Amino acid sequence: MSSHDTSPFYITTAISYVNGKPHLGHAYEQILTDVMARFQRLDGREVMFLTGTDEHGQKVAKTAETRGMEPQAFCDEISESFRDMTTQLNISNDDFIRTTEERHYKASQAIWTAIKENNPDDIYLGKYDGWYSVRDEAYFAEDELTTAEDGKTKLAPTGAEVEWVEEPCYFFKLSAYGDKLLEYYDANPDFIQPEARRNEIKAFVKRGLQDISISRTTFKWGVPVPNDPDHVMYVWLDALTNYITALGYPDTNDEKYEKFWPANYHVIGKDIIRFHCIYWPAFLMAANLEVPHTVFAHGFINVEGQKMSKSVGNVIAPQDLIDAYGLDQTRYLLMREVSHGNDGNFSHEHAVQRINSDLANGLGNLAQRSLSMIYKNCDGAIPEAGALSDEDQVLLTHAYEKLLPAIRGEANNMRFNRMLELIWRLVIDANGYIDAQAPWGLKKTDPERMKTVLYVLADVIRVLGIAVQSVTPEAGAKILNQLKIAEGERSFANMSKDYALKSGTEIDQPEGVFPRLDTKEEAT
Ligand code: MSP
């Protein structure tokens, strides 16, 4: 087996604004991050996986007001729906952070103080006169704006309306960090992934950075600035700090901080790269803290070819998909259909086809027909294998030796669609093998050979059961349970020949893992 990294692994999602309920885009990010976290755990690493909610700022305060609620009560309600989503999607997060928690006030104020102490000139008092987009919680320069069709309203590049803001505030001297950031990007080519995003950010930094306002004085919903409570911290400085709050910051001797910082992966959407790849490393450098290894920006999920939006009325709640297709099917679909860093499209018709071909007819059918033959024809126990033919050897070598290094190469770069393609090549090969060997025909002509074929199939199914766990954890467990694989023998180290099934092991009566979906009903 090839050697691989076994150091601790820290991965995070963006923390979601609580101004609305979770939708398919949030679900995609959670699942993507979860698959990576599970993969690394299965590959023997100690993982810390963080997600949570971003609760301060003008956008949340305004939404709460519109709903006639106190901001805290409003946040409590919506944050709960994001926490529920992690359960619905079987997300294996180790912590769930809310930025309204005490520990986070402490960490946010501490990073502010650390910047002031380490680089006293980096924070200075001034006045912001300029444009602000509440939807993006972002400042924009005049030359970035366009005018809406009404000829008056100014729009940010994101399409969000901007408003004119005049208020006293503290500035962060971002202008002093351009060269340091460019040096960092060059020395750490993995910092911004995928590559195209990295070029985008580099070009932006090269054009020159302006100082940014890091406090607000026209509303109160935020973390008070240390020693100047008339100001609340700018929501992005507060929000980004969540990644270290969860590790015990400001206590940099905390066991978690020592073990997991700097983070291996911040998984985020393409709309918030600037904050993660420019502001965040600059804040960390100013506070004398280490900068994360990789920010991975994924694309957006569209629905039936259209951007998801409330006005179009095509927003999908994650639970609706789970109800229609099943949990693991939903997870599989999202990971299989979206390629590395690109936007993905969700379509019901395509979903049904994909689930039926890959899951029901592919892996599901392979497991069902092989294991039922064993159950019926081998006294319900794993048969004894005789001498192996070339075909047997080829399939087993694929499973024992070739699959893991191949999928590791893809998974470590967040290419899960390719990882699944590779796993499914083995599914296809195994289904081809069963058709070619036709064990049902061997029952009368050569029962010993039938046993060998069924043994080979059972052990390939065991390896597949292990390999699919990061994407379809319940289905993986179901397959491994049917084969009576012990809990301690389900990690990637167990994919090898050394852990091959023992003949004579009694198996459970096989039950279908992935039911076929009715095309007519589901495609509407
Ligand atoms: N609160 C900020 C992030 C702060 S991180 C320190 C935020 N929140 S958000 O709720 O608007 O978005 C949360 C995540 O969901 C972001 O990474 C965003 O890109 C992602 N997505 C939102 N809509 C999406 C799709 N339609 N598709 C895929 N991901 C999308 O931004």
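**View A. Helix 10 against the sheet strands.** In this predicted model, helix 10 (residues 273–286) lies across strand 6, strand 9 and strand 11. Relative to strand 9, helix 10 runs at about 30 degrees.

**View B. The open sheet of 4 strands.** The strand order is 6-5-9-11, and the pairing is antiparallel. Strand 6 (138–140) and strand 11 (212–213) stand at the edges; each has a single partner strand, so one side of each is left without a neighbour in the sheet. Strands of a sheet pair through backbone hydrogen bonds, in either a parallel or an antiparallel manner.

**View C. Pairing of strand 5 with strand 9.** Strand 5 (residues 123–133) and strand 9 (residues 163–172) run antiparallel and are joined by 10 bridges. Within this pair, glycine 130 stands opposite valine 165 of strand 9.

**View D. The shell around the ligand.** The ligand is surrounded by 24 residues, of which Ile15, Glu29, Asp54, Gly269 and Asp271 are the closest. By class, the shell holds 12 nonpolar, 9 polar and 3 charged residues. At least two shell residues come from each of strand 2 (16–17), helix 1 (24–42), helix 7 (235–240), helix 8 (242–245) and strand 15 (265–269).

**View E. Polar contacts of the ligand.** One oxygen atom of the ligand lies 3.0 Å from a backbone N or O atom of tyrosine 17. A polar side-chain atom of histidine 26 is 3.3 Å from an oxygen atom of the ligand. At isoleucine 301, a polar backbone atom lies 2.9 Å from a nitrogen atom of the ligand. On its own the ligand has 660 Å² of accessible area, and the protein covers 93% of that area.

Key. Residues are numbered from 1 along each chain as its sequence is written. This is a predicted model: local features need pLDDT of at least 70, side-chain atom pairs count only at pLDDT 80 or more; totals for chains, interfaces and linings use all residues. Side-chain values use heavy atoms; hydrogens and water are left out. A residue is near a molecule or strand if one of its heavy atoms lies within 4 Å of it. A polar contact is a pair of N or O atoms within 3.5 Å; within protein, one must be able to donate a hydrogen and the other to accept it, and residues adjacent in sequence count only if both atoms are side-chain atoms. Accessible areas come from the Shrake-Rupley method with a 1.4 Å probe; for residues, only the protein chains shown count as cover. Ala, Val, Leu, Ile, Met, Phe, Trp, Tyr, Cys and Pro count as nonpolar, Asp, Glu, Lys and Arg as charged, and the others, Gly among them, as polar. Two strands pair if DSSP finds at least two bridges between them. Contact means heavy atoms within 4.5 Å. Axes are lines fitted to C-alpha atoms, for helices over the stretch in contact, and angles run from 0 to 180 degrees between N-to-C directions.
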